[in-house]
Amino acid sequence: MAKEHSFDISAKADMQEIKNAIQQAQKEAENRYDFKGLVKEITLNEKAKTITVTSSSDNKLDALIDILIGKIIKRGLDPKVLKETSREDASGGTRRAVFAIVDAIAKEDAKRIVKEIKGLKLKVQAAIQGDEIRVSGKSLDDLQAVMAHLKSLDLDFPINFGNYR
């Protein structure tokens, strides 16, 4: 009897890496000449899983967001982990952008991934388990083919593979 192999698909965000990226982005903004004497603030709300970026103008806000996304990429995270929810005027003539941290796969997205896996016509089973998807099969090659296919898709949320056995 062949052994059953499996792996999990999730959208878990590594909060420690996000904190480190925010710290590095703040340091870089402090040292940049074009931000001297201007409002530049990046704050993390861990409970609400949001990041608020505040700066003096739209141009400076975009530059600060670019710095943050660059640091997130450098720390090995997918930039899709941040999803902009709002951009508005803040007090004191500043601008504010709020980003939600994508930390789970939505039900519709999970169903879409399962449909994609079944469309491959490989001998694997995909099951939704809460905010994760477990893919199992007898062939490691089939599981790796599923991983490669999912990585090639243009999804609007990050996916991570774990518990590969």
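Begin by selecting the buried residues of helix α1 together with their surroundings in this predicted model: these residues pack against strands β2 (40-45), β3 (50-55) and β5 (94-101), and also against helix α2 (58-74). To see which side chains are involved, highlight M15, E17, I18, N20, A21, I22, A25 and A29, which are the buried residues of α1. An α-helix has 3.6 residues a turn, so residues three or four places apart point the same way. With that spacing in mind, follow I18, I22, A25 and A29 along the helix, all four of them among the buried residues of α1.

Now show the whole of α1, residues 15-31, as a ribbon, and set a distance between its end C-alpha atoms. The 17 residues of this helix reach 25 Å from the first C-alpha to the last, which is close to the 24 Å expected at 1.5 Å a residue.

Next, move to the loop between β2 and β3, where K49 is found. The phi angle of K49 is near 55°, a positive value in a residue other than glycine, and the relative accessible area of K49 is 32%, which makes this lysine partly exposed.

A second lysine to select is K121, in the loop between α3 (107-119) and β6 (124-129). Here phi is near 60°, again a positive value in a residue other than glycine, while the relative accessibility of K121 is 72%, so this residue counts as exposed.

Then zoom out and colour the chain by secondary structure, which brings up four helices and eight strands. Traced along the sequence, these elements follow the pattern β-α-β-β-α-β-β-α-β-β-α-β. The protein is more spread out than a compact globule, because its radius of gyration is 20 Å, well over the 15 Å that the globule rule gives for 165 residues. If you draw a box along the principal axes, the C-alpha atoms fill roughly 70 × 25 × 25 Å.

With the whole chain still selected, display the contacts between residues at least 6 apart in sequence; of these, 60% join residues at least 24 apart. Colouring by burial instead, you will find that 39% of the 165 residues count as buried.

Finally, switch on the surface, whose accessible area comes to about 9500 Å², with 48% of it belonging to carbon and sulfur atoms. As a last selection, mark the charged side chains: there are 29 positive and 26 negative charges, and the mean positions of the two sets are 4 Å apart.

Notes:
Residues are numbered from 1 along each chain as its sequence is written. This is a predicted model: local features need pLDDT of at least 70, side-chain atom pairs count only at pLDDT 80 or more; totals for chains, interfaces and linings use all residues. Side-chain values use heavy atoms; hydrogens and water are left out. Helices (H or I, at least four residues) and strands (E, at least two) are DSSP runs, numbered from the N terminus. The expected span of a helix is 1.5 Å times one less than its number of residues. Buried means under 20% relative accessible area, exposed over 50%, partly exposed in between (1.4 Å probe, protein chains only). Contact means heavy atoms within 4.5 Å. The radius of gyration is taken over C-alpha atoms; the globule rule is 2.2 Å times the number of residues to the power 0.38. Accessible areas come from the Shrake-Rupley method with a 1.4 Å probe; for residues, only the protein chains shown count as cover. Lys and Arg count as positive and Asp and Glu as negative; His and the chain ends are not counted. The place of a charge is taken as NZ of Lys, CZ of Arg, CG of Asp or CD of Glu.
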